[in-house]
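Reader: Got a minute to walk me through this one? I'd like to just poke around and ask things as they come up.
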Amino acid sequence: KAQADDLPLVGNKAPDFEAEAVFDQEFIKVKLSDYIGKKYVILFFYPLDFTFVCPTEITAFSDRHSEFEKLNTEVLGVSVDSVFSHLAWVQTDRKSGGLGDLNYPLISDVTKSISKSFGVLIHDQGIALRGLFIIDKEGVIQHSTINNLGIGRSVDETMRTLQALQYIQENPDEVCPAGWKPGEKSMKPDPKLSKEYFSAI
Amino acid sequence: NGSPPVIGGSSGGVGPMIVELPLEKIRRPLMRTRSNDQNKVKELMDSIRQIGLQVPIDVIEVDGTYYGFSGCHRYEAHQKLGLPTIRCKIRKGTKETLRHHLR
């Protein structure tokens, strides 16, 4: 807890948690540190189940889950609702304001401890902001975005950031220029070598 | 008082009402922050043209103003078809309800 107050989240170990979740219409335990050494994790927070806001981003992460799987990445959604609420929400079909089945777990943060440790809890409302974190295979947070006021998050942008991050971690002597996408030239973080990049574009 | 005609729902004024609302009467604060799947919009346009809207969109009424946060594809399909009104399920809400939808 002290860590959340003292250090920026990005660049440091993600606060670990173990919590109940709903996956495949069943109840499971999710422990964040279980992914260390195995997978990248996209952890995203949303305010509440069953609001009347189109759950486009939540379903979009599910619709494109196979793309994340190919990148050795698990997606985890979190809200302060109970697992029973999560279950009811996935059991309601999309036409009736529900989610329908998802290809990734929805975690219940009823104690609000996860939202608090990731710095996304709105204290006077008891719900989480729309925060998204990319955690690498070592369990270190490499990226975060937090949106206020119902602004959705882009799966495309998350995907791009994830791929750039994975590229950098596999090619530690290079950095990715703005708007970089896989297959494009990267840049060597050295004044002489970066000329290579600028002469190639 | 210019209130829209009730075409369904409960008659005693208890619970949500199903009403045809003019599109421009529904405020959609999140509309510009999200983009719709154009294939879905096209499919809905075809279906609405043929059999009409099957499931009304959810609308929240706060102090006489209507707010829509969902039914994004159905709303856009109506806009593109040039339809003047859309079937809505209207629920009364408070400022607090509104605040939850803007987070």
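Author: Sure. One definition to start with: the expected span of a helix is 1.5 Å times one less than its number of residues. Also keep in mind that this is a predicted model.

Reader: OK, so how far does α6(A) reach from its first C-alpha to its last?
Author: α6(A) reaches 22 Å with its 16 residues, close to the 22 Å expected at 1.5 Å a residue.

Reader: Which residues of that helix are buried?
Author: The buried residues of α6(A) are A:Val155, A:Thr158, A:Met159, A:Thr161, A:Leu162, A:Ala164, A:Leu165 and A:Gln166.

Reader: And what covers them?
Author: The cover over those buried residues includes β3 (40-45), α2, α3 (65-70), β4 (73-79), β8 (130-135) and β9 of chain A.

Reader: What goes on at the start of α6(A)?
Author: There, a side-chain oxygen of A:Ser154 comes to within 3.2 Å of the backbone nitrogen of A:Asp156.

Reader: Switching to charges. How many salt bridges are there over all chains?
Author: Twelve, searching the whole structure. One of them pairs A:Glu57 with A:Arg153, where the closest N and O atoms are 2.6 Å apart.

Reader: Why would you say that pair ties together parts far along the sequence?
Author: Because A:Glu57 sits in helix α2 (residues 56-63) of chain A while A:Arg153 is in the loop between β9 (141-147) and α6 (155-170), so the parts it ties together are 96 residues apart in sequence.

Reader: Are those two buried or exposed?
Author: A:Glu57 and A:Arg153 are both buried.

Reader: Got one in chain B too?
Author: Yes, B:Asp63 forms a salt bridge with B:Lys95, with 3.4 Å between the closest N and O atoms. This pair also links distant parts of its chain: B:Asp63 is in the loop between β3 and β4 (65-68) of chain B and B:Lys95 is in helix α3, 32 residues apart. Both B:Asp63 and B:Lys95 are exposed.

Reader: Anything that stays inside one helix?
Author: B:Glu76 and B:Lys80 do, both in helix α2 (residues 72-81) of chain B, four residues apart, or about one turn of the helix. They form a salt bridge with the closest N and O atoms 2.8 Å apart.

Reader: Why does B:Glu76 count as buried? And what about B:Lys80?
Author: B:Glu76 has a relative accessible area of 13%, and buried means under 20%. B:Lys80 has 47%, so that one is partly exposed.

Reader: Do any salt bridges share partners? Which residues end up in one network?
Author: A:Glu57, A:Arg130 and A:Arg153 are joined that way.

Reader: Now the interface. How much do chain B and chain A bury between them?
Author: About 1,700 Å², with 57% of it on carbon and sulfur atoms. In chain B, the residues losing the most area to chain A are B:Arg34, B:His100 and B:Arg103, together 44% of what that side buries.

Reader: How many residues does each chain put into the contact?
Author: Chain B gives 16 residues and chain A gives 19 residues.

Reader: What's the salt bridge count between the two chains?
Author: Zero salt bridges between chain B and chain A. The interface does have three residue pairs in polar contact.

Reader: Which elements of chain B give two or more residues to that side?
Author: β3 (57-62) and α3 (95-101) of chain B do. The largest share, three residues, comes from α3(B). By class, that side of chain B has six nonpolar, five polar and five charged residues.

Reader: Tell me about B:Asp58. Where does it lie?
Author: B:Asp58 lies in strand β3 of chain B. At 17% relative accessibility, B:Asp58 counts as buried. Its side chain makes a polar contact of 2.8 Å with the side chain of B:Arg91. Leaving aside neighbours within four places in sequence, the residues in contact with B:Asp58 include A:Phe52, B:Tyr67 and B:Lys89.

Reader: Last thing, what's the overall layout of chain B?
Author: Chain B has three helices and five strands, running β-β-α-β-β-α-β-α from the N terminus on. Of its 103 residues, 40% are buried. Among contacts in chain B between residues at least 6 apart in sequence, 79% join residues at least 24 apart.

How values were computed: Residues are numbered from 1 along each chain as its sequence is written. Chains are lettered from A and ligands numbered from 1 in the order in which they are written. This is a predicted model: local features need pLDDT of at least 70, side-chain atom pairs count only at pLDDT 80 or more; totals for chains, interfaces and linings use all residues. Side-chain values use heavy atoms; hydrogens and water are left out. Contact means heavy atoms within 4.5 Å. Buried area is the accessible area (1.4 Å probe) that two parts lose on being put together, summed over both. A salt bridge is a side-chain nitrogen of Lys or Arg within 4 Å of a carboxyl oxygen of Asp or Glu. A polar contact is a pair of N or O atoms within 3.5 Å; within protein, one must be able to donate a hydrogen and the other to accept it, and residues adjacent in sequence count only if both atoms are side-chain atoms. Ala, Val, Leu, Ile, Met, Phe, Trp, Tyr, Cys and Pro count as nonpolar, Asp, Glu, Lys and Arg as charged, and the others, Gly among them, as polar. Buried means under 20% relative accessible area, exposed over 50%, partly exposed in between (1.4 Å probe, protein chains only).
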